[in-house]
Amino acid sequence: MISQTAPLWKQILSQSITTPKSLSAFFEIDEPALQKVTARYPIRINPYYLGLIKKKDDPLYKQCIPDIREIKDKNGVDDPLNEEGLSPVSGLTHKYPDRVLFLISSRCAMYCRFCNRKRKVGRSSMVTEKSVKEGLSYIRSHKKIRDVLLSGGDPLLLENQSLHSVLAELRAMRHVEIIRIGTRVPCTLPQRITHHLVNMLKKFHPLYIHTHFNHPDEITPEAALACERLADAGIPMGCQIVLLKGVNDNLATMKNLVQKLLRIRVRPYYLFQADLTKGTSHFWTPISKGLEIISGLQGHTSGLCIPHFAIDLPGGGGKVPLLPKFIVGANKKSLVIKNYLGQEYRYPLYDI
Ligand SMILES: *Cc1c(COP(=O)(O)O)cnc(C)c1O
Ligand code: SF4
């Protein structure tokens, strides 16, 4: 048992549900079936997030409670973005010329059922001391890398000290201009965002945080406080939302989510088409759904809260934004462009 004087976030984390058996105290589940799922893909639901679930099968339930369909899935592949193939050293993906994705933690505050790294999150072999060391050497010797995106697992589940040492090493490399941290902790364990952590992070500017909320019910007073602390420390916050069937695949929910995010000073950055990860196809939506949601946001609410709807191309082609069709006609003299109300306007083309 963890000591009562440990920080609150560690106490919460230590009380997480990690077996279907303990889950059965809260919900009516098929325990033997879920055991088969968790033998392959781990479960972790901490009491904070569990407390946000209102009822069985609601949008928060679906994100964290294992589902037998995960192991019956015939669609998708384990590594849809070919991260392994694009990793010059284990745990570091170098896909774009000027930036890398660097995994520095194996653990998360919750294991999301739709995770595109479900093949390896929660396994201690995912990130090791050796892989972090090799990742840092790779970045040190590749001077074209000006932007490092730390991810995992969740980097904010590391101890402050370990995180500090990675950040300090990166900051000592003059070619690394920007550091970003991808973390779901402001949503799944906001108590982790302590004054102590924030005071440490702000020494490493320019530092950006990409967090991850998928539903308006995740935006609680605790999450708002966590984001306020980060924003007050001068850390620009973006949100990467994943479009998920039965969770947020309708305009009303998405509009409420993006507007609430702005109120807690988090700017919606990406809305991702769900990756084609094996074990997650019950969450997939057609491309038309994302386009329809963007059409319903664009013009109808602040441009500040409209994310880029993007597909991360299967096989490692990278992220590509998709937009609804606004240019509806063209000739030599003008373009015909549709506005958010569906009205057509002509935009004259001058010979310039
Ligand atoms: C998403 C991602 C990045 C960052 O992409 P941005 O569009 O710059 O946010 C970098 N490397 C990899 C491998 C990625 O998957
Ligand atoms: S927090 Fe992110 S990395 Fe961790 S399980 Fe959820 S989606 Fe995957």
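**Entry: the lining of the largest pocket**

I began with the lining of the largest pocket, whose residues divide into 19 nonpolar, 15 polar and 11 charged. A reminder to myself before going on: this is a predicted model. I then looked up the volume, and the largest pocket comes out at about 1000 Å³. There are 45 residues that line the largest pocket, and I noted those closest to its centre: Asn116, Arg117, Ser151, Gln240 and Phe272.

Which elements supply at least two residues each of this lining? I found strands β1, β2, β3 (147-151), β4 (178-182), β5 (207-211), β6 (237-243) and β7 on that list.

**Entry: ligand 1**

Next I checked where ligand 1 is, and I found that ligand 1 sits in the largest pocket. Around ligand 1 I listed Thr93, Lys95, Tyr96, Arg99, Leu101, Leu149, Arg180, Tyr269, Tyr270 and Lys319. By class, I have this shell down as 5 nonpolar, 1 polar and 4 charged residues.

Which element gives the largest share of the shell? I traced that share, 3 residues, to β1. Strands β1 (92-96), β2 (99-103) and β7 (267-273) each supply at least two residues of the shell around ligand 1. I had already met β1, β2 and β7 in my pocket entry, as each supplies at least two residues of the pocket lining.

**Entry: oxygen atoms of ligand 1**

I went on to distances from the oxygen atoms of ligand 1. For Tyr269, an N or O atom of the side chain is 2.6 Å from an oxygen atom of the ligand. I wrote down 2.6 Å for the side chain of Tyr270 too, again between an N or O atom and an oxygen atom of ligand 1. For Lys319, I read 3.0 Å between an N or O atom in the side chain and an oxygen atom of ligand 1. How much of the accessible area that ligand 1 has on its own does the protein cover? I noted 92% of 390 Å².

**Entry: ligand 2**

I turned to ligand 2 and asked what space it takes. The answer I found is the largest pocket, where ligand 1 also sits. The residues I listed around ligand 2 are Cys108, Met110, Tyr111, Cys112, Cys115, Arg184 and His212. Sorted by class, that shell has 5 nonpolar, 1 polar and 1 charged residues.

**Entry: cavities**

My last stop was the cavities. How many of 30 Å³ or more does a search of the whole structure find? I noted 2.

The largest cavity has a volume of about 40 Å³. I found Glu83, Glu84, Ser87, Gly91, Leu92, Thr93, Leu101, Leu103 and Lys120 along its lining. The elements that give two or more residues to this lining are β1 and β2. I counted the lining by class as 3 nonpolar, 3 polar and 3 charged residues. Thr93 and Leu101 were familiar names by now, as I had listed both around ligand 1.

The second largest cavity has a volume of about 30 Å³. Its lining, as I wrote it down, is Tyr41, Pro42, Tyr111, Cys112, Arg113, Lys118 and Val121. Here I have 5 nonpolar, no polar and 2 charged residues. I recognised Tyr111 and Cys112 from my list of residues around ligand 2.

Conventions. Residues numbered from 1 in each chain as written. Chains lettered and ligands numbered in written order. Predicted model: local features only at pLDDT ≥ 70, side-chain atom pairs only at ≥ 80, totals over all residues. Heavy atoms only, no water. Near = heavy atom within 4 Å. Polar contact = N/O pair within 3.5 Å; in protein donor to acceptor, adjacent residues only side chain to side chain. Areas by Shrake-Rupley, 256 points an atom, 1.4 Å probe, with all protein chains shown as cover. 1 Å grid on protein atoms, 1.4 Å probe; cavity = no way out; pocket = protein on both sides within 12 Å on 5 of 7 lines; lining within 4 Å. Sits in = over half its atoms within 2 Å of the grid points. Helix = DSSP H or I, 4+ residues; strand = E, 2+ residues; numbered from the N terminus. Nonpolar A, V, L, I, M, F, W, Y, C, P; charged D, E, K, R; others polar. Points joined across faces, edges and corners; volume = space filled by probe spheres on them.
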